[in-house]
Every structure is written in structure tokens, then in C-alpha cells.
Amino acid sequence: MQNRYTGDIGDFGKLGLLRQLSRTGLSIGVNWYLTPDETHNSDGRHIGYLKNDAFRACDEQLWSVLGQIVGSGKRQVSALERPDILQASFYSRVLDFTGADKTERQMLRWEWHNRAMQQLQNCDIIFVDPDNGLIVPSADGTPKSNKFVLPFELSEYYRAGASVIYYQHKARRSDEFYIEQNNQLVESGGFFGAKSLGLKFRTTSQRYYFFLVQPSHAEAMVRCIEQMISTPWKNHFEIL
């Protein structure tokens, strides 16, 4: 996540999803995986949904509040951390590798992750929001690795008792590629008993949300997602 993305179509989808999940009564924690803003592309400009009543029908309150944030010109992740958007605990410390060598990056990340674990330790559901999704071999250990989530970070949340949801950007790969990638993650040994579930958000740049659900949370979370897909959200989300 970067501050410049605040209020775009991606935020509308992810926050809409989390607002639905809050109806389960399970407490929610959000780790934004916040990184310094980049300037080499126009990401974050996908705000046309704010002029489209088809999105308004999904969640009018969220649609309106995000419109106010975008309209203010103050697009900061901190603007989303308010109870009328989502009742949740948030971790928004920036993971910044600027000027750090590989060893320093490892230390910075370890400290950053441990603080996140402490901040979100009492949450039933933890949502993580890296720019790109699961780490890929070409990014592992590089300065760009802060744009990805590491498998051990997800497994530590899960082993602490939380259900975990992670964002996955869709590049030039098929749905099957990302489903298999998630299946391999589940089978890696850090998610004993987890129920796996995937959602695809089809609007604008396509993206996925993969769930690693604790057995005790599975019934409530699956029912909630099924109910969500029966509302106007069905025009934007599909179950994989």
C-alpha cells in the first residue's frame, strides 16, 4: 500500500469486503504494508467509481466517505483509520528500505513485523495489503521486497490464532496460477487445518484476496462471503 492509492477503487473493494466481514463479530486487524510513495507510474488514479452509481449501490456509506477523502486532496492511509469506515486495529508503520543493504533490510523487516504482531495480536482476522502480493523469487532479498508479503509473516499470524487474508495483484498470469500459488502456500506446513478461500475483484485492474481461515472461524466467514456475493457486490467480486 502507498498513500497515493488512498481512496481508489482498490480501497473501495478491500474496505467493502472487510466491512462485510465485520458483521461476523470477529475482530479485524489491518496491516497496510505501507511503503514510500513512488512516482514512476499513475497508479492510484482509478477513482472513476466515485461517479458511478453502480458502485454506490454496493455500500453507499463507504462510497460517500471515500469520495470525501479523495475530494479533500489529502490522500493518506491515516484518513481510512476511522470507525465510520471500519472498526479495526491498524498497523501503518512504513516499511522503508531506502539506503539499506541486504542485512539491514532483513533487520528492519524483522523489527517491523514483530511490532505488527504486537499491535494486532488480539485480532481474529488479519488483513495484509502489500502492493504486489506473495513474494516472488526475483524480488526476494531485494530493495523491492517491501512490496510483497513473506510466507512466514502470514504463518506467524495464523499460528497466533488469527485467520489471515492477503492481497494479491494480478499480473499477466491466469487465475489458475494464483490459485495454485495459494494452494502451495497452504500446504507449506504453517497453516494447519486452514480452510482456503479466494475472491477475485474484477473491476479495473484485477486483484485477488486469498483467505487462510481458522477452523473455528470458517462457518461464519464463508457464510458472510456467500451473503456478500448475493448483493450488488456480485457485479465486482467472484468466488474462485
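So, strands β7 and β8: in this predicted model they run antiparallel, with 7 bridges joining them. β7 covers residues 195-201, and β8 covers residues 207-213. If you want one pair to find on screen, take Phe201, which stands opposite Arg207 in β8.

Now, β8 has another partner. Strand β6, residues 163-169, pairs with β8 as well, again in the antiparallel sense, over 6 bridges. Here the pair to look for is Ile165, whose bridge partner in β8 is Phe211.

How many of the residues of β8 are buried? It's 7 of the 7, so the strand is largely enclosed by the rest of the structure. You can see this face by face. Side chains in a regular strand alternate between the two faces of the sheet. In β8, Arg207, Tyr209, Phe211 and Val213 point one way, while Tyr208, Phe210 and Leu212 point the other way. All of those are buried, and yes, that list includes the arginine, Arg207.

Okay, let's move to the other end of the chain and look at β1, residues 28-31. Are its faces covered or open? Covered, both of them. Ile28 and Val30 sit on one side, Gly29 and Asn31 on the other, and every one of these is buried.

The pairing here is in the parallel sense. β1 pairs that way with β3, residues 125-128, over 4 bridges, and Ile28 stands opposite Ile125 in that strand. β1 also pairs in the parallel sense with β2, this time over 3 bridges. For that one, look for Asn31, which stands opposite Tyr91 in β2.

Let me stop at a couple of single residues. Tyr33 is in the loop between β1 and α2, the helix at 53-56. Its phi is positive, about 50 degrees, although Tyr33 is not a glycine. And where does the side chain stand on exposure? Tyr33 has 1% relative accessibility, so it counts as buried, the cut-off being under 20%.

Then there's Ala88, in the loop between α3 (60-72) and β2 (89-91). Ala88 has a relative accessible area of 25%, so we call it partly exposed. For a sense of distance, take Ala88 and Gln227: they are 139 residues apart in sequence, and their C-alpha atoms are 21 Å apart in space.

Right, let's zoom out to the whole protein. What does the secondary structure come to? We have 7 helices and 9 strands. The radius of gyration is 17 Å, close to the 18 Å that the globule rule gives for 240 residues, so the protein is as compact as a globular protein of that length. If you'd like box dimensions, the C-alpha trace spans about 50 × 40 × 35 Å along its principal axes.

On the inside, buried residues make up 51% of the 240. As for contacts, take those with a separation of 6 or more: 74% of them are between residues 24 or more positions apart.

On the outside, the accessible surface comes to about 11200 Å², and carbon and sulfur atoms account for 48% of that.

Last item, charge. There are 27 positive and 27 negative side chains. How far apart do the centres of the two sets lie? 4 Å.

To go back to where we started: β8 is joined to β7 by 7 bridges, pairs with β6 over 6, and has 7 of its 7 residues buried. Okay, that's my tour, over to you.

Notes. Residues are numbered from 1 along each chain as its sequence is written. This is a predicted model: local features need pLDDT of at least 70, side-chain atom pairs count only at pLDDT 80 or more; totals for chains, interfaces and linings use all residues. Side-chain values use heavy atoms; hydrogens and water are left out. Buried means under 20% relative accessible area, exposed over 50%, partly exposed in between (1.4 Å probe, protein chains only). Helices (H or I, at least four residues) and strands (E, at least two) are DSSP runs, numbered from the N terminus. Two strands pair if DSSP finds at least two bridges between them. The radius of gyration is taken over C-alpha atoms; the globule rule is 2.2 Å times the number of residues to the power 0.38. Contact means heavy atoms within 4.5 Å. Accessible areas come from the Shrake-Rupley method with a 1.4 Å probe; for residues, only the protein chains shown count as cover. Lys and Arg count as positive and Asp and Glu as negative; His and the chain ends are not counted. The place of a charge is taken as NZ of Lys, CZ of Arg, CG of Asp or CD of Glu.
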